[in-house]
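Colleague: Please take a close look at one strand of this predicted model. I would like a connected account of that strand, its partners and what surrounds them.

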Amino acid sequence: IISGGLKVHAEEVEAGLMQHPAVDMVAVIGKTDLEWGQRIEAFVVANKEISGEDILQYCKDNKLLASFKLPKQINFCESLPTGATGKIYRRGLMQNESQG
């Protein structure tokens, strides 16, 4: 993901978000953005009701992610698409977004 001219690895952002106790699964993608080139967007499966702002604040408070690596948007979902090996299928998230 290239956001604001800075390279951000989705896996690093996912690892930071996964440290929140309410997060069971997370996938991060870069979504086309006119201002930033790409914006960081996260898809989260949570084990209890929580807001995206709560997750971001947790990451800030615990210094898990630099501010430019924080997602601009957090989407909550029941499950994430996976391939045959069980690995998260990010391209499926991008396709769903373009249809929605």
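Modeller: The account below starts with strand S4, then follows its neighbours outward. The model is a predicted one.

Strand S4 covers residues 37-46, and 7 of its 10 residues are buried, so the strand is largely enclosed by the rest of the structure. On one side S4 is paired with strand S3, residues 23-33, in the antiparallel sense, and 10 bridges connect the two. S3 and S4 make up a hairpin, with 3 residues between them. The other pairing of S4 to describe is with S5: these two strands run parallel and are joined by 4 bridges.

Phe43 is a convenient point from which to view both pairings. In the pairing with S3, Ala27 stands opposite Phe43 of S4. In the pairing with S5, the residue opposite Phe43 is Asn75. Phe43 therefore has Ala27 facing it in one pairing and Asn75 facing it in the other, with S3 and S4 antiparallel and S4 and S5 parallel. As a general point, side chains in a regular strand alternate between the two faces of the sheet.

The charged residues come next. By the criterion used here, the model has 3 salt bridges. Side chains of opposite charge can pair when their charged atoms come close. One of the salt bridges links the side chains of Arg39 and Asp33, with an N to O distance of 3.7 Å. Both Arg39 and Asp33 are buried. Arg39 also forms a salt bridge with Glu41, where the closest N and O atoms are 3.1 Å apart. Glu41 is buried, like Arg39. Asp33, Arg39 and Glu41 are thus joined into one network by salt bridges that share partners. In terms of elements, the range of S3 runs to residue 33, while S4 spans residues 37-46.

From S4 the chain continues to helix H2 and then to S5, and these three elements make a right-handed β-α-β unit. H2 spans residues 52-61, and S5 spans 73-76. The buried residues of H2 are Gly52, Ile55, Leu56 and Cys59. They cover an arc of only 95 degrees around the axis, so they lie on the same side of H2. Among the elements covering these buried residues are H1, S3, S4 and S5. S4 is therefore included both in the β-α-β unit with H2 and in the cover over the buried residues of H2.

Helix H1, another part of that cover, consists of residues 10-18, and its buried residues include Ala10, Val13, Glu14, Gly16 and Leu17. These span an arc of only 160 degrees around the axis, which places them on the same side of H1. Glu12 belongs to H1 as well. Its relative accessible area is 35%, so Glu12 is partly exposed. The side chain of Glu12 meets that of Lys69 in a salt bridge, at 2.6 Å from N to O. Lys69 lies in the loop between H2 and S5, so this pair ties H1 to parts 57 residues apart in sequence. Lys69 itself has a relative accessibility of 14% and therefore counts as buried.

The loop between H2 and S5 also holds Lys63. Lys63 is not a glycine, yet it has a positive phi of about 50 degrees. With a relative accessibility of 72%, Lys63 counts as exposed. The loop thus contains both the exposed Lys63 and the buried Lys69.

The cysteines can be dealt with briefly. The structure holds 0 disulfides. Cys59, one of the buried residues of H2, is in no disulfide, and the nearest cysteine sulfur, that of Cys77, is 16 Å away. That separation is too far for a bond. Cys59 has a relative accessible area of 0% and is buried, whereas Cys77 is partly exposed at 26%.

Finally, Ile2 lies in strand S1, residues 2-3. Leaving out residues up to four places away in sequence, Ile2 touches Lys7, Trp36, Gly37 and Gln38. The range of S4, 37-46, takes in Gly37 and Gln38, which are among these contacts of Ile2. Ile2 counts as partly exposed, at 42% relative accessibility.

Terms used
Residues are numbered from 1 along each chain as its sequence is written. This is a predicted model: local features need pLDDT of at least 70, side-chain atom pairs count only at pLDDT 80 or more; totals for chains, interfaces and linings use all residues. Side-chain values use heavy atoms; hydrogens and water are left out. Buried means under 20% relative accessible area, exposed over 50%, partly exposed in between (1.4 Å probe, protein chains only). The arc is that of the directions from the helix axis to the C-beta atoms. A disulfide is a pair of cysteine sulfur atoms within 2.5 Å. Two strands pair if DSSP finds at least two bridges between them. A crossover is right-handed if, with the strands pointing away from the viewer, the path from the first strand over the helix to the second runs clockwise. A salt bridge is a side-chain nitrogen of Lys or Arg within 4 Å of a carboxyl oxygen of Asp or Glu. Contact means heavy atoms within 4.5 Å.
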